[in-house]
Amino acid sequence: MSTIPKTTFEFLKDLKNNNHRDWMTEHKKRYQAGEKELKAFYAAVAERLNETDEIEKTKVFRINRDIRFSKDKTPYNVHRSASFSRAGTHRRGGYYLRLEPGNSMVAGGFFSPEPADLLRIRKEFEMDDQEIRDILSHSDFKKAFGGFDPSYQVKTAPKGFSKDHPSIDLIKNKAFFVSHNFTDAAVFAPDFLDKVVYHYELLRPFFDYMSDVLTTDLNGESLIDN
């Protein structure tokens with residue numbers, strides 16, 4: 001399947017208004033039918049990505065919410081989402097898709113880097129920020145994604161970095177991902193699969209750059225065992 005049926009959002013809207021287990025139990029067959037259609041779409045995305053990349057795994061996120069530590073005790077997510085992991089230790093970055101009435105999006109990058117990776121990225125920006133700035137300022141990339149979300153920044157210079165460094169605007173980031181939102185009409189359009197893949201392919205120079213950074217030391221020597 002290469003399109004998203006409108007019934008997907010009809011179900012999610014109804015779920016939002018009836019977010020409890022009895023309702024879900026009553027509409028279980030409807031939910032399962034929708035999941036089957038969505039998984040077919042995810043498979044189509046992965047197939048297209050594999051034409052230019054190598055996808056190791058498609059993860060479909062559960063509709064059940066983890067409410068153990070949340071004040072919001074509604075049991076179900078009112079969106080459906082999936083991620084597509086790249087294969088191999090030399091490929092970094094991941095693709096993300098969320099489908100939600102009025103709030104659908106694609107995204108990609110590094111949402112919560114491990115401390116060692118975060119330090120390595122910041123050190124790279126401190127040493128040379130030209131390549132990442134060229135990627136972020138490319139006209140197609142900038143039009144599609146804008147840039148890194150400034151709300152995912154520390155308030156001041158991280159420990160060990162100067163607040164006066166010319167790259168401090170990049171160094172202060174603690175997440176390195178970008179996103180693009182779609183209207184509901186765009187989600188249901190016949191070319192939605194093409195648009196999703198187009199935006200993912202725009203991420204490839206960013207992914208390739210970050211993969212190189214995270215698999216080498218500051219001298220450019222590989223950290224991967226051959």
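D129 is buried, at a relative accessible area of 16%. In this predicted model, the D129 side chain meets that of R133 in a salt bridge, with 2.6 Å from N to O. R133 counts as partly exposed, because its relative accessibility of 26% lies above the 20% limit for burial and below the 50% limit for exposure. The bridge thus pairs a buried acid with a partly exposed base.

Side chains of opposite charge can pair when their charged atoms come close. The structure holds 18 such salt bridges. One of them joins R80 to E35, where the closest N and O atoms are 2.9 Å apart. This pair links distant parts of the chain. R80 belongs to strand 2 (residues 80-86), E35 to helix 3 (residues 28-49), and 45 residues separate them. Both R80 and E35 are buried.

A further bridge connects D53 with R204, at 3.8 Å between the closest N and O atoms. D53 sits in the loop between helix 3 and strand 1 (55-60), whereas R204 is in helix 10 (residues 204-214), so the pair ties together parts that are 151 residues apart in sequence. D53 and R204 are both buried. Neither residue stands outside the wider pattern of pairing: D53 and R204 belong to a network of salt bridges that also includes E54, R86, R91 and D208.

The charges of the whole chain were also examined. The chain carries 35 positive and 35 negative charges. Their mean positions lie 8 Å apart.

Overall architecture was assessed next. The chain comprises 10 helices and 5 strands. Its C-alpha atoms fill a box of roughly 60 × 40 × 35 Å along the principal axes. Of the 226 residues, 43% are buried. The accessible surface comes to about 12,800 Å². Carbon and sulfur atoms account for 50% of that surface. Among contacts between residues at least 6 apart in sequence, 68% join residues at least 24 apart.

E10 gives a further example of positions brought together from separate parts of the sequence. E10 is located in helix 1 (residues 6-17). The C-alpha atoms of E10 and P101 are separated by 8.6 Å, although the two residues are 91 residues apart along the chain. With a relative accessible area of 43%, E10 is partly exposed, because this value falls between the limits of 20% and 50%.

Key
Residues are numbered from 1 along each chain as its sequence is written. This is a predicted model: local features need pLDDT of at least 70, side-chain atom pairs count only at pLDDT 80 or more; totals for chains, interfaces and linings use all residues. Side-chain values use heavy atoms; hydrogens and water are left out. Helices (H or I, at least four residues) and strands (E, at least two) are DSSP runs, numbered from the N terminus. Buried means under 20% relative accessible area, exposed over 50%, partly exposed in between (1.4 Å probe, protein chains only). Contact means heavy atoms within 4.5 Å. Accessible areas come from the Shrake-Rupley method with a 1.4 Å probe; for residues, only the protein chains shown count as cover. Lys and Arg count as positive and Asp and Glu as negative; His and the chain ends are not counted. The place of a charge is taken as NZ of Lys, CZ of Arg, CG of Asp or CD of Glu. A salt bridge is a side-chain nitrogen of Lys or Arg within 4 Å of a carboxyl oxygen of Asp or Glu.
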